[in-house]
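Biologist: Please show me the chain and its fold. I would like to go through some of the labels and ask what stands behind each.

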Amino acid sequence: MKSYHDIVGDGGSNVAGQVEEQQRRLELRLAPITHVVAIMSGKGGVGKSSLAVNIASALAISGRRVGLLDADINGASIVKMTGVRREPESDVGGVRPPVSGAGVKVMSIDLFTPENEPVKWDAPTQKDAFTWRGMMEQAALREMVTDTEWGDLDYLLVDLPPGTDRLPNLADLLPRLSAAVVVTVPSTISHYVVGKSIQMARELMNLGAIGLVENMSRFVCPECNKTHDLFHGEDAQVLAGRYEVTFLGRVPMDPRMAWLTDRGLNFLGEHGDRPAAQAVGQVARSVEKLASSAGAQIGSDGVSADSSGGSTESDDEPVGRLRGNSDSDDEPDAAAWPNTDEIRATDVTPSEK
């Protein structure tokens, strides 16, 4: 019997050739995409995925060509949030991603698994699978990026799962990363963990274009219209200054966003005039500025040069208007909300109508 040391080269497996071919296909697929932007937090429970969906929708509504990749293999939620149809079509060119009501191309492992079923990797026992689960997750992400017919995109947003190690894991998969958008809430614990994610992105990825968004910054009572703080931590703009990253803006808590997103409906399309919708639109424009400034400075090595930092928040009126059906800025009567009869199902798939 031959031992490992008796095998010459790769034993005829042509591993190096396979890796080179896979990398070539990946580069070809990413070539028509102008900007790849990671949405991350490091801390769970900050509304990152909901914000990723709504930022993608805001960019698409403003006329940009947008794709959204759900990089959370074990906790995929983007399919549910966007309301896209499962079981996408495919041909020899690859898988055609379903498109949300807002016009966002969506890809997720959730499209290929039975609804409500967790992802399980083949192994003698599931407890044995942990030793190589990370490698398999990376392979699955690589296949989703490589085998998806993204077409020409202005932005591909990648929604990462919680964890400070998630962005470095994308280094080989997405070498052309333009920027990272870090999401936090104004709490001490969130800032503590998010700060580590920012350092990880800067030091291990050499990524200079990093922006910070404060989600659920406040709550507007639907009964009295008074504004209340949900958290009593440090202002996220102070955190951005401490780590010298760009502050992209604040998004207030709006129960409508959670209620509609849970049902795969387009919050910006239904309530484009609401403060939360306008805040998301402003953040989306700030993300564009961040990615564009980085993209203009990407060198031949594919690494983004350092961004200038500072805040891109603006009090200017939004450029254009997110479509909505609200005729008033007044909050609806609390007793009458949510009323499913008043919600237009423009983003529901035919099978759900």
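Modeller: Let us start with M216, which is called buried at a relative accessible area of 16%. Keep in mind that this is a predicted model.

Biologist: Why is M216 called buried?

Modeller: Buried means under 20% relative accessible area. M216 has 16%, so M216 is buried. M216 sits in strand β8.

Biologist: What is the phi of M216?

Modeller: Phi of M216 is near 50°, a positive value in a residue other than glycine. Most residues other than glycine have a negative phi.

Biologist: Where does E244 lie, and what is its phi?

Modeller: E244 is in the loop between α6 and β10 (246–253). Its phi is near 55°, which is positive, and E244 is not glycine.

Biologist: What makes E244 count as buried or exposed?

Modeller: Exposed means over 50%. E244 has 63% relative accessibility, so E244 counts as exposed.

Biologist: How do you know whether S100 is buried or exposed?

Modeller: S100 has 11% relative accessibility, and the limit for buried is under 20%, so S100 counts as buried. S100 is found in the loop between β4 (94–95) and β5 (104–107). Leaving aside neighbours within four places in sequence, S100 is in contact with T82 and V84.

Biologist: Why is H271 called buried?

Modeller: The relative accessible area of H271 is 17%, which is under 20%, so H271 is buried. H271 belongs to the loop between α8 (267–270) and α9 (275–295). From H271 to R256 there are 15 residues in sequence and 8.3 Å in space, C-alpha to C-alpha.

Biologist: How do you know that the length of α5 agrees with its number of residues?

Modeller: Helix α5 covers residues 188–205, which is 18 residues. The expected span is 1.5 Å times one less than the number of residues. That gives 26 Å, and the end C-alpha atoms are 25 Å apart, so the two agree.

Biologist: Which residues of α5 are buried, and what do they pack against?

Modeller: The buried residues of α5 include S190, H191, V193, V194 and G195. S197, I198, A201 and M205 are buried as well. The buried residues of α5 pack against β1 (33–40), β7 (177–184), β8 (210–220) and α6 (236–243). Just after α5, N206 takes a positive phi of about 55°.

Biologist: How many cavities of 30 Å³ or more does the structure hold, and how much space lies in the largest?

Modeller: There are two cavities of 30 Å³ or more. The largest holds about 80 Å³ of space.

Biologist: What makes up the lining of the largest cavity?

Modeller: The lining has 14 residues, and S57, M81, T82, L265 and N266 lie nearest the centre of the cavity. α2 (48–61) and α3 (78–82) each supply at least two lining residues. α2 gives the most, with three. By class, the lining divides into five nonpolar, eight polar and one charged residue.

Biologist: How many helices and strands does the protein have, and what share of its residues count as buried?

Modeller: The protein has nine helices and 10 strands. Of its 353 residues, 47% count as buried. About 17,400 Å² is exposed, with carbon and sulfur atoms supplying 50% of that area.

Methods
Residues are numbered from 1 along each chain as its sequence is written. This is a predicted model: local features need pLDDT of at least 70, side-chain atom pairs count only at pLDDT 80 or more; totals for chains, interfaces and linings use all residues. Side-chain values use heavy atoms; hydrogens and water are left out. Helices (H or I, at least four residues) and strands (E, at least two) are DSSP runs, numbered from the N terminus. Buried means under 20% relative accessible area, exposed over 50%, partly exposed in between (1.4 Å probe, protein chains only). Contact means heavy atoms within 4.5 Å. On a 1 Å grid over the protein atoms alone, a cavity is a set of points where a 1.4 Å probe fits but cannot get out, and a pocket is an open set with protein on both sides within 12 Å along at least five of seven lines; lining residues have an atom within 4 Å of a point. Grid points are joined across faces, edges and corners, and a volume is the space filled by probe spheres set on the points. Ala, Val, Leu, Ile, Met, Phe, Trp, Tyr, Cys and Pro count as nonpolar, Asp, Glu, Lys and Arg as charged, and the others, Gly among them, as polar. Accessible areas come from the Shrake-Rupley method with a 1.4 Å probe; for residues, only the protein chains shown count as cover.
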